[in-house]
Structure formats: C-alpha cells, structure tokens
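Okay everyone, thanks for coming. Have a quick look at what's on the screen, and then I'll walk you through a few parts of it.

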Amino acid sequence: MNRRNFVKALTLSASIAAIGLPVGAHAAETIKVGILHSLSGTMAISETALKNVALMTIEEINAAGGVMGKKLEPVVVDPASNWPLFAEKARQLVAQDKVAAVFGCWTSVSRKSVNPVFKELNGLLFYPVQYEGEELEKNVFYTGAAPNQQAIPAVEYLMSAEGGGAKRFVLLGTDYVYPRTTNKILRAFLKSKGVAEADIMEDYTPFGHADYQTIIAKIKKFAAEGKKTAVISTINGDSNVPFYKELGNAGLKATDVPVVAFSVGEEELRGVDTKPLVGHLAAWNYFMTLKNPENDAFAKKYKDWAKKNGVPNADTVVTNDPMEATYVGLYMWKQAVEKAKSTDTDKVIAAIGGQTFKAPSGFTLTMDKTNHHLHKPVYIGEVRGDGQFDVVWKTKEPIRAQPWSPFIAGNEGKQKL
Amino acid sequence: MHRLPALQILLRGVLLLTLLVGPARAALDEGMVAGFAGDFQSRLDTIEALGVAGGAEGGNEARRVLDALEAGALGVAGGRVVIVHGDTVAAAATGEALDIAPAAVEPVTVNNRVRRALATARAALALSSADRGERLAAARTLADNTGETLLPVFERALASEADDEIRGVLGRAAARVYLASGDAARRLKAAEMLGESSDPAVKNLLAALLAKNGNDWSEPSAEVRAAAEASIRAIDRRVATAEAVGTLFSGLSLGSILLLAALGLAITYGVMGVINMAHGELLMVGAYATFVVQGVFRNHFPAYVDWYVVAAIPVAFLSAALVGVAMERLVLRHLYGRPLESLLATWGLSLVLIQAARVSFGPQNLELANPTWMSGGIEMAAGVVLPWNRIVIVGFAVFVLLLIWLMMQKTRLGMFVRAVTQNRPMAGCVGVPTARVDTLAFAIGSGVAGLGGLALSQIANVGPAMGTGYIVDAFMVVVLGGVGQLAGAVWAALGLGIVGKFLEGWAGAVIAKILVLVFIIIFIQKRPQGIFALKGRFADN
C-alpha cells in the first residue's frame, strides 16, 4: 500500500467512523439480549457451546429482519463458573445493560443464585438445561426437561421388555442438589412400581471423583445378587470419563448392566473414547442424529457458524439437547415479543403461553399456558462408536412438564404458578 | 423361573418344532425367521431359536441371518422378513431376490436386549466350533444367560465336548437349569456341582432352595438342601477371598497413582523445599505430550498405534522436564528460601499453564484411548476383575520408583542432590555446583511428574484443569510420608490408597474422603515430621 492509498483509506475509515458513531448512539433501534454462560472455569466445557448457539440464533433472527423490525444486540458476559458471580452478572445485564431477556445458566446452583435477581428486577430468564424440578419462578422459562420429561420415561424404558426388563436399580450420582433430588423422585417412582427397597442401591461420589473401582465392584456385586439390574447415572461433569473407562475395563457390558445417563450428551462424549461405551444409554429430548428437515438444517447451520467464527475444532462440533433448548427458547421469546408488541416483561410472560415452534427435535413444541415449561418429546438413545446416539425409543408426542413431581410428598396442587 | 404366557409357550414350541423337524437344508425354513415380523418378545425368541437350531444343522445359514440383524440389514416389508443388500432386497430365509424397494423395508431395531439375545445365539452356534478358545468363550457367555430353552444346546455340547474346562462351565450352566428339575437325584447332582462355581448369582439360586413357604421347604429333599448349603458355603468362601483381593488391588492401584502423582513433588518439595503449586500442571503437560504422541502415531504409524504409550514415556518425561527447567530458571531460582513467595509465584505459573493449554488445545477434554493390550482385565472370580490398565500402572510406578532410586543412590548427580539437601553451604564449599544441581533436580522432579501425567491419561480425564485435582493429594502424600524422604512417599501413598479403598467400601466415597482427611490432620498433629523423619545432625534445619 503506497502512502497516498494509505491516507485515502485513513480518511475513509475516519469518515465511516464519524458516520457510524451517531448511528450507534441511537441505540433504541436495537433490542438487547443477555447471554449468561460460563466461558471459563469448570463449566466452560459445556456452556461455551450454548453461548455459541445463542449468538448463531441471534444472527439468524437478525438476518430474517430482527424482532418487530429491530435488530437484536447480544450482550455476552462471563460468570466464570462462579455461582455468586452469576448473580452479579445477571444484575448487571438487567439493571445496567437493560436487556429485554437473558438466556443462560447451566447448573441448578447457578440458576438458584440468579433467581432472586430476576424476581427483584422483574427480568426474564430462559434456562435451557434439564433439571430436578421443584421450582417455578414467574420470571423464569424452563426450556429444558423436568424430571417427568427425562428421568421417569427412561426408567420406564429400562423396566420394559425392550429395555431389558430391569428389576433392580443402582442410583448413582455426584453429590449435589440435582442428583439427590432426582434420585429422591426416582426412588418414590420405583416404589410405586413395586420395586422393593432392597432392590435399590443409592450411592454418591464427590465432584471430580476419579477412582470408580470400588463403586464398580459394588455394582457388580449388586447385579450378581439377583434379578436384572440397570444403573441410573446422574454423575455430572468430568467424573464421567473415569467412570465409563472403569466400567469398560471391568467387563460390565451394556448388554448385561445398562447404564442410562441424564447428563451425558454429544458434547460430553467428545472427550471420551466411546468404544467401551457402545450400547449404554442416555435420555434426552433431542439427539443430533434425529432425522428431520429442521434438525438437518440446525446441525448444518451450527457447523457453518462454528467454522466461520473460528470455534476451536470446528470440524467436529456437535449439537446437543441444551443447545436445541437455547435455540427454541430464543424463538419462543421472539414470537412472544411480536405477539405482545412489546419487550415488557409482564406482557411477554402473558403472551408466551401457548406459543408453538417447529423444533429440531422433530415436533412442534408448545410453551405451556401456565407452568413456564415446554411440552417436549422424550428420546432414549444408545451410544454408538462415533460418540453419537442411536434412538431406540421415543414418545409418540410431546409430554407436558410436571415441575413439581407427584412422587415427592406435599407437591399436590402445586402445578400452577 | 417366571411364568410364560400360554401364547409365548406355544410360539416357542412351534419354533423349536420347526427347528427340530426341518433342518439339513441349505436355506432356512420361512417359519424360523417369521418371528422377526412379530412383537419384541417374538423377535427375541426367534433369535434364541436360531442359535439353538443352528448348532445342530445349518449353522452358517442361521449365522447369516444373525449377521444381517446385527448389521441393521434385517427388516420387515409387507409381513415378510427380508435382508437389505445395498439396493436389492432378499428374503431372509431363502436368500431369493424380492421385488421390494429398500426404502419400504422397516428395519428391526437392534438395542441392548436384542444384542444380548444375539450374543447368546452366537455363543450357542460357536459351541460347535473347532477352536477351543472360541468354545470356552461361548460356554462362558451361555452360562451367564442360561435358561431352559438352552438345555438342548448344553446337552448336545456336553455329549461331544472333550475338554474338561469347557465341560465344567457347560455342566454348571446346565446344573442351574436342573435345579428346577422334577427329579430329586438330578437336583442333588446339580446342587453339588454348583459348589464349584464362584458366581454370586449361583448362590442366590441355591439360597432359593433353602427358603421356606409357610411350613414347607421350597426344596422337599433334605439331602438336596444339605448339598445346597455346603455349596453356598464353598461359594461364599471363594467370593470373599476374591473380594478381599479385589479391594486390596484397588487400594494398591490408587496408591500407585497417588505415588506417581506425588513422586515428582517428593523431589522438588521434599528435597529442594520449593512449594510447587504448578506441580499438577506438570502432570497435565505429561498427559498432553501423550496426547500429541497418540496423534502422531494415528497419523503416521497407524499399524503401531497400540504402542504409542511406550513411545510417549520419553516424550512426556522430557517435555515436563523442559517446562520444569524453564520454571526454575526464570522464576523459582530467584525465590529460593522464600517459601511464601515461591508458593504464590508457582500458583500464578499454574494458571498460566492451564490457560496456555486451553488456548492451544481448546477447553474440551482430550480423547485418549487405552491401547488394546491395556483394555479389559483378568477375571479372578465372577464380580472381581483386575483391569489391565491398572495392573500396568502399578508396574509402571514400580519402574519409575526404581529409576529414581538408582539415580539418587548410584549416580554422581544423585549424590550431589543428597549432599545439597543435607547441607547446602557445606556442599557448595566442597565444590558441588549447587545452582546446577538445583536445576537438574527440579528437571528430574518435573519429568517424573510428566510420567505421572502419562499414567493418569490412561485412567482419568485429560483436560486443561486436570492437574488441580491432584495437587492436594500429592501434597498429602509428601507431607504424610515425611519431607525429603522418597521411602516415606511410597509408604504414605500405598497406605492412603489401601486405607481409602477399604473405607470407601465400608462407608461410601464421600465419607471415605472426609475420614482420610481427618486421619491426616490427626496424624500430622501427633507427628508433624511425617512417617519418616530426616535423621542426623542437620535434621532440624
């Protein structure tokens, strides 16, 4: 570049900047949307992909004309897997950045930490991950599964002839609120199905537990003691890799003792050598391998987006259930805003009930009129050698969520807000 | 034994009949595969029947259908059971080509339950194999899934089998079925025979004989009951021994992993007095080096990919040692004798290393496959398996320990290191280049940490933050063992491993972790110098 061109370019860019500035100052022409996912710390493994898919969806909505003619403007913050920081960042998004809605959180503890903020400031949170239920906030919409949309159908499948007719169950989890609550619900459910107390084994390991020898030996012993046994795993995060490795090496095959997991999806299996896992199960409301036009488009869009935006290992990116839930959540919110003709929290809440969206899960999902949860289909998949899932069972139609499980005493009559 | 609905019994009977009456032809009878068009249970029955029948005659035909099922090529179209070969569709039984589009075929779902039935059917077919190993494996598979429909298979195989071990497995499998027989002599023989088993599941079968329904024994014959009781005692003894060995082994394995994680620290902290908070990240460097070597093998030497772990040993050692040297030269050397500052500085370094790994390899965990020779395990008795990867790691820990011991005791460098540990100024006075010895000792300690990372990569996660999980354990071992003592580290690691595993079996993982920490706190209170204290004139420094 010679000097004259350089000067020209400089003048040009300066004038563009000068034009650009006042446009930026007219910020009223955009609608701000907050994205509250950990991009560092232990949860970055799972949550980074949700931030990516939210940005992709926002780009897509903007390309199609935005919401009520206004472009969406994402505000990304990093709560760094630090639960109190989630509350601080949420406050910043709602009070300072004045976002119309926030899409975020993964762990239940982070959601519990931001709930009071959204309540106090009357903000709007879309939470995209399956969770333990026992909660219904006016300001939160849950686009992931409640226990009756994931855990209970999975156990019913294990008990059926197709699932192997399991009669004894090992409830294995990481020691924190989600596994403990889920197992409490499952225990009550199993009892209601006539499973005896002696046929249920419940065990917990600390976060990050890496030595599963003793537990696997216990499971083997338990399985040998009697009728057909299945393991229900709510092990979360990093511990899954050593657990499945030990399982494979100890010779516990999926055909003998199947393990169904509620927190293991495509993204988690990227860091795992899946050969020893083949045949083990996962229950979700969406799998990347589902065959329908919406899902094909969704998976392709994400792959292209990842390549274009230089996501590390973009060739092997996958889509998973919480990503689909994020995608659906954004569209549900968009439709509600358009119906309410306003981004006002109360008006959007009033408008969102009954919204429908043709989702990549292959069904038209509906936001329930009263309970802030989506009606979702349930799929059970078996792990394949390439880290994807083969769907072996599915519900005929989407199921309505029961955030307050009927299997926990005292929950009767709590289904509505 | 659960009751079968009348319809199913009828179906099974018909199936068996078709099998027994019409074999010895190249093609299968249409009736033998028709069950695939039915409901789930009839599919399972059909698979089993194919296995039972095939063992007698036409095994290859049955195998062909089972292969197609396993490959997902078997399907149903218009009520007929067919196999899809690319663009053409053929009848499953006869192999004759049919005029059906592949898209119109509804494939038969293969899930775990079907795979289990498939494994049983294949094993039944393999019982007539010429290869002894194949027959033995088949007999073992069948013994795990035994049932009365398989009885003809057992009897047929027992009639022709000459190998004692296989006869034993088959006999016990058949005996399980005979326990429900109407003939008391047969039950007695079965109950006696099952005493040779070491499978806890068999124990339950026998225990069922000893149960009482009101005033009646579920087993009328006192003789059979006595035989069952004796057999249960024999099984209990065998299972208890196997379990004790299993627990001891898992303790040993955990100990060896703790040792590998802590040995490097025992040198850098114990010998040099540097509190190296980045020790965990040196483990991580070793594991990442292993990952890189795996990648190189996969891309350039796919035939030798099983040996990447061996090739990774020097690479992991050298890369971690290099990082260690850089740390020592650039940072730690200026902080000797200032433990608090070096603690903070190394903690900072650990954050830098974690982020560097995250930036260059991405935040995801990396996938490291166990080589085939490190997969699976030795089965001691039913329920207790000693996995190969853990056995190899125990051996590797011994190897590394031996190497360090030789280095410390038999080489000039080792002597220098010991001299500097005991009395730095005096060693300097007699001409030991203390600064260089420090660097080298730190490099060796870091390199050993790299080897620890290599071992960890075979059983645990490999990710940027993997090291943080081990740093506390490593310090626990070093402090418990006694600072400056390699032998102390060995005993502490083994002790913590075995005690931890016994506690875990008894109280669960969460409580066990707490108890171990409480134990260490009390121990350090009573004996702050650790298991082994430095002795000699300068021990107090």
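Let's start with a small one: which residue in β3(B) is the bridge partner of V82(B)? It's A91(B).

Before I go on, a word on what you're looking at: this is a predicted model, where local features need pLDDT of at least 70 and side-chain atom pairs count only at pLDDT 80 or more, while totals for chains, interfaces and linings use all residues. Residues are numbered from 1 along each chain as its sequence is written, with chains lettered from A and ligands numbered from 1 in the order in which they are written.

Back to chain B. Strand β2 (residues 80-85) and strand β3 (residues 88-91) of chain B run antiparallel and share 4 bridges. By strand I mean a DSSP run of E of at least two residues, and helices are runs of H or I of at least four, numbered from the N terminus; strands pair if DSSP finds at least two bridges between them.

Zoom out, and you get an open antiparallel sheet of 5 strands in chain B, ordered β4-β3-β2-β1-β5. At its edges sit β4 (97-98) and β5 (106-107) of chain B, each pairing on one side only.

Now the contact between the chains: 45 residues come from chain A and 48 residues from chain B, counting residues whose C-beta atoms, placed from the backbone, lie within 7 Å. On the chain A side, α2 (44-63), β7 (200-205), α7 (213-224) and α8 (240-249) each supply at least two residues, and α7(A) gives the most, with 7 residues.

Last bit: chain B is assigned domain 1 (6-126) and domain 2 (246-471), with bounds from an automatic or database domain assignment. Their C-alpha centres lie 54 Å apart.

How values were computed. Two residues are in contact if their C-beta atoms, placed from the backbone, lie within 7 Å.
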